[in-house]
Amino acid sequence: MADRMKARVYSHSVDHMPLVTVPAIVVDPILEAVHERLSITQQNR
Amino acid sequence: MASIKYRTVEVDALKVFYREAGAPDAPKVLLLHGFPSAGHMFRDLIPLLADRFHVVAPDLPGFGQSDMPPRSQFKYTFDNIARLIDRFTEVVGFDRFALYVFDYGAPTGFRLAMWHPERITAIISQNGNAYEEGLSDGWNPISPVRARMRCS
């Protein structure tokens with residue numbers, strides 16, 4: 001599904017809940033997604 | 001270390017408990033938890049985000065410290081859960097926000113995105129599922145139940 005959506009995929013060798021076991025890994029995709037969106041918004045202004 | 005605030009709001013006569021951190025004027029991120037858990041699962045993630053984002057993590061109805069009305073009063077469908085969380089975002093002033101969805105939070109959050117795409121700045125799906133093809137063979141034993149639920 002992610003491929004069909006052309007989503008950016010991050011894969012790590014972790015368990016089902018990295019937000020609990022390795023939360024630092026989860027931060028990067030959130031930062032990237034939000035900041036990318038913010039920069040697109042600012043460019044369009 | 002950013003502090004996490006623990007709050008409760010009433011949404012359509014139901015008490016919704018949520019965790020909140022970060023500056024109100026920072027970009028907003030809504031965290032939707034998985035099954036069978038609650039916003040508690042974000043306890044170590046929220047502090048890592050709170051210096052850059054305004055983060056809110058509600059307990060979905062029937063989970064954690066949010067109300068759990070009987071099934072005669074509240075249908076625990078993803079549509080209904082999403083409707084309540086949709087109203088929740090309005091009550092807490094989340095007008096535009098990124099969605100981080102995990103597991104059970106995904107079919108809830110994806111509905112918010114379908115209903116209000118203009119309010120969603122980004123979707124980060126972690127082990128979230130949108131289609132049955134995403135279910136592993138481990139779900140096969142309950143597939144007849146799912147089929148019956150679709151028909152009901």
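How many helices and how many strands are there in chain B? There are four helices and six strands. Before I go on, please keep in mind that this is a predicted model.

Let me take the order of those elements next. Reading chain B from the N terminus, you get β-β-β-α-β-α-β-α-β-α. As for overall dimensions, chain B has a radius of gyration of 16 Å, and the globule rule gives 15 Å for 152 residues; the two are close, so chain B is as compact as a globular protein of that length. Along the principal axes, the C-alpha atoms of chain B fill a box of roughly 45 × 30 × 30 Å.

Now the inside of the chain. Of the 152 residues in chain B, 39% are buried. If we take the contacts in chain B between residues at least 6 apart in sequence, 65% of them join residues at least 24 apart.

Next, some backbone details. As background, most residues other than glycine have a negative phi, and most peptide bonds are trans. Chain B has departures from both habits.

Start with the peptide bond. F35(B) and P36(B) are joined by a cis peptide bond, with omega at about -5°. P36(B) sits in the loop between β3, residues 28-32, and α1.

Then phi. A13(B) is not a glycine, yet its phi is positive, about 70°. You will find A13(B) in the loop between β1 (5-11) and β2 (14-21). D103(B), also not a glycine, has a positive phi of about 55°. This residue is in the loop between β5 and α3, where α3 covers 105-115.

Are these two residues buried or exposed? A13(B) has 9 C-beta neighbours inside 10 Å, and the cut-off for exposed is 12 or fewer, so A13(B) counts as exposed. D103(B) has 20 C-beta neighbours inside 10 Å, and buried begins at 20, so D103(B) counts as buried.

Last, the partner chain. In the contact between the chains, 19 residues of chain B meet 15 residues of chain A. On the chain B side, α1 (46-49), β5 (97-102) and β6 (120-126) each supply at least two residues. Which element gives the most to that side? It is β6(B), with four residues. Sorted by class, the side of chain B that touches chain A has 14 nonpolar, four polar and one charged residues.

Two of the elements named there came up earlier: α1 follows the loop that holds P36(B), and β5 precedes the loop that holds D103(B). That is where I will stop.

Notes: Residues are numbered from 1 along each chain as its sequence is written. Chains are lettered from A and ligands numbered from 1 in the order in which they are written. This is a predicted model: local features need pLDDT of at least 70, side-chain atom pairs count only at pLDDT 80 or more; totals for chains, interfaces and linings use all residues. Two residues are in contact if their C-beta atoms, placed from the backbone, lie within 7 Å. Ala, Val, Leu, Ile, Met, Phe, Trp, Tyr, Cys and Pro count as nonpolar, Asp, Glu, Lys and Arg as charged, and the others, Gly among them, as polar. The radius of gyration is taken over C-alpha atoms; the globule rule is 2.2 Å times the number of residues to the power 0.38.
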